[in-house]
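Biologist: Before I plan anything at the bench, could you take me through this model and show how each answer is reached?

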Amino acid sequence: MSEHPLPDPVLLALSRDFREALRHSIYLVRRLDADGELSAAQLSTLKMLLDSSEDSAGANGVRVGEIARNLGVKVPSATEQIIKLERAGLVRREADPADSRAVRVKLTAEGHAAVESANTRRNAVMAGILGSLTDAERQALAAAIPVIGKINESLQP
């Protein structure tokens with residue numbers, strides 16, 4: 001059995017604090033959606049589809065399994081969300097051209113509009129919150145965003 005050195009205690013404390021801040025940020029974003037017509041999970045799914053691009057085989061849309069992984073749920077739960085979104089006219093399911101057993105989910109024009117509307121609402125609320133920060137706090141936040149992006153990229157499969 002190989003022994004792994006313990007991480008630096010300072011890094012462990014920073015990791016703990018960062019994860020807690022992210023957890024609270026997720027709660028904040030979910031509260032931003034409380035007044036919307038779609039749930040936070042549904043908006044996350046739509047946003048994921050908006051952000052999707054063609055894969056190496058030239059197919060667009062996102063496979064249901066990938067949606068489930070990104071949402072941190074099982075495939076049946078993701079499928080249930082997709083069915084609700086499809087009934088609302090926000091997404092459509094199509095056969096994957098690279099694998100006839102798989103399904104890709106694509107955003108419809110109505111789904112795109114729903115994401116844009118939600119983003120506009122979220123951004124307006126968040127701008128109000130950020131307006132209460134000092135200039136120095138806003139500059140610190142702006143400086144942290146690329147670092148958070150780098151962390152997110154390192155976690156991508």
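**Pocket, strands and core**

Modeller: Bear in mind that the model is predicted. By class, the lining of the largest pocket is made up of 23 nonpolar, 10 polar and 8 charged residues.

Biologist: What volume does the largest pocket have?

Modeller: The pocket whose lining holds those 23 nonpolar, 10 polar and 8 charged residues is the largest one in the model, and its volume is about 1900 Å³. Among its 41 lining residues, those closest to the centre are Leu 22, Ser 25, Ile 26, Val 29 and Asn 152. The volume asked for is therefore about 1900 Å³.

Biologist: Which element gives the largest share of the lining of the largest pocket?

Modeller: The elements that contribute two or more residues to the lining are α1 (9-32), α2, α3 (64-71), α4 (75-87), α5 (109-130) and α6 (135-154). Of the lining, 9 residues come from one element, and this largest share belongs to α1.

Biologist: In β3, which residue is the bridge partner of Val 62?

Modeller: Strand β3 (residues 99-107) runs antiparallel to β1, to which it is joined by 2 bridges. Strand β2 (residues 91-96) also pairs with β3 in the antiparallel sense, over 6 bridges, and these two strands form a hairpin with 2 residues between them. In that second pairing, Glu 94 has Arg 104 as its bridge partner in β3, whereas the partner of Val 62 in β3 is Val 105.

Biologist: Which element supplies the largest share of the largest nonpolar core?

Modeller: The largest nonpolar core has 19 residues, and those with the most contacts inside it include Leu 46, Leu 49 and Val 105. At least two residues of this core are supplied by each of α2, α3, α4, β3 and α5. The largest share, 4 residues, comes from α2.

Biologist: Is Ser 52 buried, partly exposed or exposed, and why?

Modeller: Ser 52 is found in the loop between α2 (40-51) and β1 (62-63), and, leaving aside neighbours within four places in sequence, it is in contact with Gly 61 and Val 62. Buried would require under 20% relative accessible area and exposed over 50%. Because the relative accessibility of Ser 52 is 26%, Ser 52 counts as partly exposed.

Biologist: How many Å separate the C-alpha atoms of Ser 52 and Leu 38?

Modeller: Leu 38 is among the residues with the most contacts inside the largest nonpolar core, and, leaving aside sequence neighbours within four places, Leu 46 is in contact with Leu 38. Along the chain, Ser 52 and Leu 38 are 14 residues apart, and their C-alpha atoms are separated by 20 Å.

Technical notes: Residues are numbered from 1 along each chain as its sequence is written. This is a predicted model: local features need pLDDT of at least 70, side-chain atom pairs count only at pLDDT 80 or more; totals for chains, interfaces and linings use all residues. Side-chain values use heavy atoms; hydrogens and water are left out. Buried means under 20% relative accessible area, exposed over 50%, partly exposed in between (1.4 Å probe, protein chains only). Contact means heavy atoms within 4.5 Å. On a 1 Å grid over the protein atoms alone, a cavity is a set of points where a 1.4 Å probe fits but cannot get out, and a pocket is an open set with protein on both sides within 12 Å along at least five of seven lines; lining residues have an atom within 4 Å of a point. Ala, Val, Leu, Ile, Met, Phe, Trp, Tyr, Cys and Pro count as nonpolar, Asp, Glu, Lys and Arg as charged, and the others, Gly among them, as polar. Two strands pair if DSSP finds at least two bridges between them. A nonpolar core is a set of buried Ala, Val, Leu, Ile, Met, Phe, Trp, Tyr and Cys residues joined through side-chain atoms within 4.5 Å.
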